[in-house]
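Q: Hi! I have a fold open on my screen and would love to talk it through with you. Could you take a look?

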Amino acid sequence: MPRNNNTKTGAKKKVIIPIAIFALLFLGIGVGMGYFKKNLYTVMKVPDFELTDQNNKKITNKDMLGKVYLVEFFFSRCTTICPVMNRNMRAIEDEVNSPEFGIISISIDSENDTPAILKEHAKSVGAKSPDWHFLTGNRDYVGKIADQFNIYVGDKEDEGESLNHSGMIALVDKEGNIRCRYNKDNMPILYYSGLNYEDQEGKIPKLMGKYHPDREILIEDIKKLLK
């Protein structure tokens with residue numbers, strides 16, 4: 001008995017529909033992964049700040065509008081992570097090389113880090129850009145700014161902790177938003193590390209480590225925001 005053509009057509013549909021669904025699902029996953037790779041997450045608006053730079057000039061977050069910039073906390077007398085962070089910032093400055101890029105380095109040691117001291121520090125670091133501002137101000141005020149950035153700075157009243165700080169860096173876009181990329185699990189990383197590492201994956205911090213994975217991804221993400 002000859003087969004009914006309708007039966008054949010129905011069988012083909014049963015095969016084709018699951019394949020089509022699977023293909024669309026696979027495409028959706030691919031598009032989603034592409035989104036996370038290409039787009040940066042908006043963490044929050046950058047906190048308001050007003051501090052004095054190495055040239056005795058008042059610098060505020062509003063002055064930085066229209067520029068992509070990085071924010072770090074440091075102090076000039078630091079001999080551990082600060083020189084590492086400053087060197088990585090210096091390398092980023094060279095690689096990005098744009099008048100629309102800046103750096104904000106906020107001192108947590110205002111008693112020592114006067115504008116004159118910071119001017120000498122900027123020279124020793126080799127800062128080139130007029131938009132790399134080494135800022136100082138009231139220590140309580142700086143502590144509040146760090147809290148608003150959600151970047152750790154030690155309690156000023158705790159002698160053993162007052163000059164401790166995080167090695168994390170905030171990336172700010174031209175509109176004054178803190179931005180970041182997504183990790184392998186498609187979760188926002190929030191901040192970038194300014195440290196060096198013993199391993200390429202960035203899991204084992206080491207002052208003299210030869211790897212600095214976040215430096216490379218920061219350069220990529222800065223360039224995305226500059227486009």
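Q: Let me start with two aromatics: are Trp132 and Phe134 buried or exposed?
A: Both Trp132 and Phe134 are buried. Keep in mind that this is a predicted model.

Q: Which residues form one aromatic cluster with them?
A: The cluster is made up of Phe74, Trp132 and Phe134.

Q: How many aromatic pairs does the structure hold?
A: There are four aromatic pairs. One of them is edge-to-face: Tyr41 and Tyr182 have ring centres 6.1 Å apart and planes at 70°.

Q: Where do Tyr41 and Tyr182 sit in the chain?
A: Tyr41 belongs to strand 1 (residues 41-45), while Tyr182 lies in the loop between strand 8 and strand 9. They are 141 residues apart, so to speak of the pair as a link between distant parts of the chain is fair.

Q: And how covered are those two, buried or exposed?
A: Tyr182 counts as buried, at 15% relative accessibility. Tyr41 is partly exposed, with a relative accessible area of 30%.

Q: Back to Trp132 and Phe134 for a second: how far apart are the centres of their rings?
A: The centres are 5.1 Å apart and the planes are at 15°, so this pair is stacked.

Q: Great, new topic. What is the overall layout of the chain?
A: The secondary structure comes to five helices and nine strands. Along the sequence they follow the pattern α-β-β-β-β-α-β-α-β-α-β-β-β-α.

Q: How many of the residues are buried?
A: The chain has 227 residues, and 44% of them count as buried. Its accessible surface comes to about 13,100 Å², with 55% belonging to carbon and sulfur atoms.

Q: What about contacts between residues 24 or more positions apart?
A: Those account for 70% of the contacts in the chain that have a separation of 6 or more.

Q: Let's look at strand 7. Why call it largely enclosed?
A: Because four of the five residues of strand 7 are buried, the rest of the structure largely encloses it.

Q: Which strands does it pair with?
A: Strand 4 pairs with strand 7 in the antiparallel sense, over three bridges. Strand 9 also runs antiparallel to strand 7, and two bridges join them. Strand 8 is joined to strand 7 by two bridges, again antiparallel.

Q: Which residues should I click on to see those pairings?
A: For strand 4, try Val71, which stands opposite Ala170 in strand 7. For strand 9, Tyr192 stands opposite Ile169. For strand 8, Ile178 is the bridge partner of Val172.

Q: How many residues lie between strand 7 and strand 8?
A: Four residues lie between them, and the two strands form a hairpin. In the turn, Gly176 has a positive phi of about 85°.

Q: Speaking of positive phi, what about residues that are not glycine?
A: Asn56 has a positive phi of about 65° although it is not a glycine. Asn97 has one of about 45°, and it is not a glycine either.

Q: Where are they, and are they buried or exposed?
A: Asn56 is in the loop between strand 2 (50-52) and strand 3 (58-60), and it is exposed, with a relative accessible area of 61%. Asn97 is in the loop between helix 2 and strand 5, and it counts as exposed at 65% relative accessibility.

Q: Switching again: how many residues has helix 5, and how far does it reach?
A: Helix 5 covers residues 213-226, which makes 14 residues. From its first C-alpha to its last it reaches 20 Å, close to the 20 Å expected at 1.5 Å a residue.

Q: How many of those residues are buried?
A: Helix 5 is mostly covered, with 10 of its 14 residues buried. Among them are Ile217, Leu218, Ile222, Leu225 and Leu226, and also Asp214, Arg215 and Asp221.

Q: What covers them?
A: The cover includes helix 2 (81-96) and several strands, among them strand 4 (68-74), strand 5 (101-107) and strand 7 (168-172). Strand 8 (177-180) and strand 9 (192-193) are also included.

Q: Last one: what is the mean pLDDT of the chain?
A: The mean is 86, and 80% of the residues reach 70 or more. Over residues 20-36, though, pLDDT stays under 50, and the model has four contacts beyond four places in sequence for that stretch.

Definitions and conventions. Residues are numbered from 1 along each chain as its sequence is written. This is a predicted model: local features need pLDDT of at least 70, side-chain atom pairs count only at pLDDT 80 or more; totals for chains, interfaces and linings use all residues. Side-chain values use heavy atoms; hydrogens and water are left out. The expected span of a helix is 1.5 Å times one less than its number of residues. Buried means under 20% relative accessible area, exposed over 50%, partly exposed in between (1.4 Å probe, protein chains only). Contact means heavy atoms within 4.5 Å. Accessible areas come from the Shrake-Rupley method with a 1.4 Å probe; for residues, only the protein chains shown count as cover. Two strands pair if DSSP finds at least two bridges between them. pLDDT is the predictor's confidence in each residue, from 0 to 100. Rings of Phe, Tyr and Trp (its six-membered ring) pair if their centres lie within 6.5 Å; planes under 30 degrees apart count as stacked, over 60 as edge-to-face and the rest as tilted.
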